[in-house]
Amino acid sequence: MKKYLKIIWIFSKVNLQNQMAYRPSFFLAVLGKATRMLILILLFRVIYFNTPLLAGWEYKDVFLLAITYLTVESTILTTFHRNLSYYLPDLLKKGDFDFLLTKPLNPLFYSSFRIIDLMDLTSSSLVIFLWYYYFTHYASAFSFLSFILYLILLGFGLIFLFSLLVIFASSAFWTINATGLGRFFEDIIRTGRFPTDVFKGAFSFLFLYVFPIATIATVPSKAFLGTTNWPYYVYLVVFTFILTLISKKVWNYALKHYSSASS
Amino acid sequence: MKKYLAVAKATWQEYLTYRTNLFLEVIGGFVAQLVIIAVWFSIFRDLKTEIVAGYSLPEMITYLLGAGIINSFILIASQGDEINDDINRGKLSGFLVKPLSVPFYWLSRDLCRRALTFILGMGEYLVIILILSNYFIPPFSLANFFMFCLAVLLGGILHFFLFYIFSIIAFWMDQTWGPRFVIRVIMSIATGSLIPLSLFPANWQLVFNLLPFKFMAYFPLQIYLGKVSVSEIILGFSALLVWISALIGISVWIWEKGLKKYSAYGN
Amino acid sequence: MIAISVKNLSKNFEYYKKVPGLFGAFKSLFQREKLITEAVKSISFSVEEGELVGFLGPNGAGKTTTLKMLSGILYPSEGDAKVLDYTPWQRQKEYQKQFAIVMGQKNQLWWDLPAMESFSLNKEIYEVPNDQFKKTIDYFSNLLDISDILNVQVRKLSLGQRMKCELVAALLHNPKVLFLDEPTIGLDVVSQQKIREFIKKYNKERKTTILLTSHYMEDVVQLCQRVIIINKGGIIYDGDIQRLIDQYATHKIVTITFKNDIAVDQLTLLGEIVEFDKRRVVLKIPDQNVKENAVRILTAFPVDDILIDEIKVEEIIRHIFQTNK
């Protein structure tokens, strides 16, 4: 464990140096990323400028949902998203993945956290500010327990996304140009920035059970606001567990394929 | 002209090999747009009114579907990464020795990619338009439809030159994706493809009117829906042409300065 | 003690035949022709601890594939291999900590950063203790003369300097077995020589078992006593390099320069003509006839200069590959 933390620390340090080498781009990137976050808030403001309620959500609650989404997005962007979506296909293309397999380090760990994106970490400080803003302007009383529940659900959301991305990324072992999948993944995740309550009928079922995008922001935010749904949480735990198992199998299968087919 | 057609043909083939990636990119944007449509369905359902901010539900749905189709032509372009790489990795030298205008080479490649993503996007949106045909309204008039198409095409050219300028500054910079990224972020809201610009508070609209981005979705869609007067259309097209000429002018100036620097120092 | 033992190791690659054209692509959706390449065909050998063995063969002979199997990157199709009593493709951490692989055509160093950063990553990955890390870096800095480039961005280094750093990165954890795949590829002659000297010295001092592939003959001749020649996936020679030379060097190369133009048919009796250019001729003459024929040439022709050379090792190897086609 200590070894893995140390290695993550080196990855972050190294990448900061790398990105600071191109200072103008670094600052513009941080600026752009921060603006992108604010645009989500702006989008909701404009929507609520024209309506008082969105699928039963008031603005102050949607604000929580938005910052929850941004928290999750920043977390995965800083850590595994780009590693698995873009850098892994690149490693495979150049054949440098070979080295990864010879090292006494879990190849999935290495592939997922090799480049810790400090640009995203820097722009994430805005998320902290937004949280501060939420607590000072919008938050009503909430219980400590619901906050704990919120964090746990957020954790499950992250595991769900990670497993999903591992399955996506495994396809890179067959089709070397898999970067389109990364973009696709980003767009899919983005559906989570709206309350899934806007969906009705089959779509609602789809986003709650088949492809539970609701776990990214809607479900934790609701828990935070005091609306719990225990049977659904049980479903979620089982679902995440099964998906994780599947992703592990798929990844191992992909590694096996790499070791028997690449030249 | 003939040689650029040849370039386009070769590019077409090249991109076809990446069709899965392009397809995924288009379908990703498509899913995102569908979510916005669901949001508006929900709003209209909750408010129980016919009109929100001057838009009826079918108008809003048509607007968003139209914006999605335009996006597959304008937004999902290569956005200058290739031009930046050609310059920074010295590939440009190889082009410069050929009897070929390099900017036109890039333009033909870019249009080719747009055509491909447009076809892919069109296919996906046609399915949804069929499903939502109750909510889809045809263009206001035939004349409006033609002007809509023209506006979209010009919007694409405007988009190309904007990103072209911010790619050829690669003559002076190691990386140019920083400024291009910032523009893309601003564009995500300022083209009006997520939400009509008229829904913004008045002071925001003022800002958007001064920027060129509204020509990349909002303006053509207003023409399509017949929400603008003839004088506004004329004014809009004039402004669009002024923007395009200005960007072309700036790009030619930068290109020549850049080439001088490139040939003086090499890369 | 035996460090590496390989028994009947084979590796086949399967791929599908690509039919050109749109129609072909369409057809291949339904019906594909499967092709199999046998990259390595049932090879067996073993290497003693501390030995430095050269793996020779042309491109595509199966050298790299073999090394990749021994490093656990590839699973074999058939057969077995043990390195330090581990089965490589099980990828056990205990094994991975005891070997290293360097590939001349790929780099594991961070491109935009000083090599030192990559070293400290490897230090953590291989769990090298601080003091040992320091000592090792000092040792290599002296040996390879790289102390002043450790803090320079890797992309600013020359190819030779970069290869030195690659070697250090691979050797930080003091591996017992080292696989070197084309370590001198693309380097200039001076750098090649330096890398060779280093490998030789390192092998001697640390008693590390080294398996080296190269298609530069000099690498192998200078470094290895024993050579394994591989062609088209199979081993065609395994043994002492000197014995190989003795066995095949049955001829000498005689180069003669004449004072006047000479007709070529006058020389055919004396030996096999390799090159002929009016006044200059290169002959291949069996060992036992060299003396006698040289005398005959000197007396019968207006000779300006005469040179007698051993056959080059390259020639011998090329000969072996050609006869094995």
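**Figure 1. Chain C falls into domain 1 (2-7 + 41-246) and domain 2 (249-323).** These bounds come from an automatic or database domain assignment. This is a predicted model, in which local features need pLDDT of at least 70, side-chain atom pairs count only at pLDDT 80 or more, and totals for chains, interfaces and linings use all residues. Residues are numbered from 1 along each chain as its sequence is written, while chains are lettered from A and ligands numbered from 1 in the order in which they are written. Taken over C-alpha atoms, the centres of domain 1 of chain C and domain 2 of chain C are 40 Å apart. Where they touch, domain 1 of chain C supplies 11 residues and domain 2 of chain C supplies 7 residues; two residues are in contact if their C-beta atoms, placed from the backbone, lie within 7 Å. On the domain 1 side, the elements giving two or more residues are α8 (217-223), β8 (226-231), β9 (234-240) and α9 (241-248) of chain C. Here helices (H or I, at least four residues) and strands (E, at least two) are DSSP runs, numbered from the N terminus. α9(C) gives the most to that side, with 3 residues. By class, the domain 1 side holds 9 nonpolar, 1 polar and 1 charged residues; Ala, Val, Leu, Ile, Met, Phe, Trp, Tyr, Cys and Pro count as nonpolar, Asp, Glu, Lys and Arg as charged, and the others, Gly among them, as polar.

**Figure 2. Strand β12 (residues 280-286) of chain C has alternating side chains.** In a regular strand the side chains alternate between the two faces of the sheet. Val281(C), Leu283(C) and Ile285(C) point to one face and are buried, whereas Arg280(C), Val282(C), Lys284(C) and Pro286(C) point to the other and are not. Buried means that 20 or more other C-beta atoms lie within 10 Å of a residue's own; exposed means 12 or fewer, and partly exposed is in between, with C-beta atoms placed from the backbone. Strand β10 (residues 251-258) of chain C runs antiparallel to β12(C), joined by 7 bridges, and Lys252(C) has Ile285(C) as its bridge partner. Strand β11 (residues 272-277) of chain C also pairs with β12(C) in the antiparallel sense, over 5 bridges; pairing requires that DSSP finds at least two bridges between two strands. Look for Phe276(C) opposite Val281(C). In the hairpin formed by β11(C) and β12(C), 2 residues lie between the strands, and Lys278(C) in the turn has a positive phi of about 55°.

**Figure 3. Leu211(C) is one of the residues with the most contacts inside the largest nonpolar core.** That core has 206 residues, and Val39(B) and Val168(C) join Leu211(C) in having the most contacts inside it. A nonpolar core is a set of buried Ala, Val, Leu, Ile, Met, Phe, Trp, Tyr and Cys residues joined through C-beta atoms within 7 Å. Helix α7 (residues 142-168) of chain B gives the most to this core, with 14 residues. Leaving out residues up to four places away in sequence, Leu211(C) touches Ile4(C), Val47(C), Val53(C), Phe55(C), Leu67(C) and Phe179(C). Apart from the largest core lies another, of 8 residues, among them Val254(C), Val281(C), Leu283(C) and Ile285(C).

**Figure 4. Chain B and chain A meet through 37 residues of chain B and 34 residues of chain A.** On the chain B side, α2 (19-47) and α8 (177-190) of chain B are the elements that give two or more residues. α2(B) gives the most, with 17 residues. The residues of this side divide into 26 nonpolar, 8 polar and 3 charged.

**Figure 5. Chain C and chain A meet through 27 residues of chain C and 21 residues of chain A.** The elements of chain C that give two or more residues to its side are α2 (63-70), α3 (93-96) and α4 (115-125). The largest share, 5 residues, comes from α4(C). This side has 12 nonpolar, 6 polar and 9 charged residues.

**Figure 6. Confidence within chain B is highest in helix α10 (residues 218-225) of chain B, at a mean of 96.** pLDDT is the predictor's confidence in each residue, from 0 to 100. Helix α1 (residues 2-17) of chain B has the lowest mean in the chain, 79. Since 8 of the 8 residues of α10(B) are buried, α10(B) is largely enclosed by the rest of the structure. Just after α10(B) comes Gly226(B), with a positive phi near 70°.
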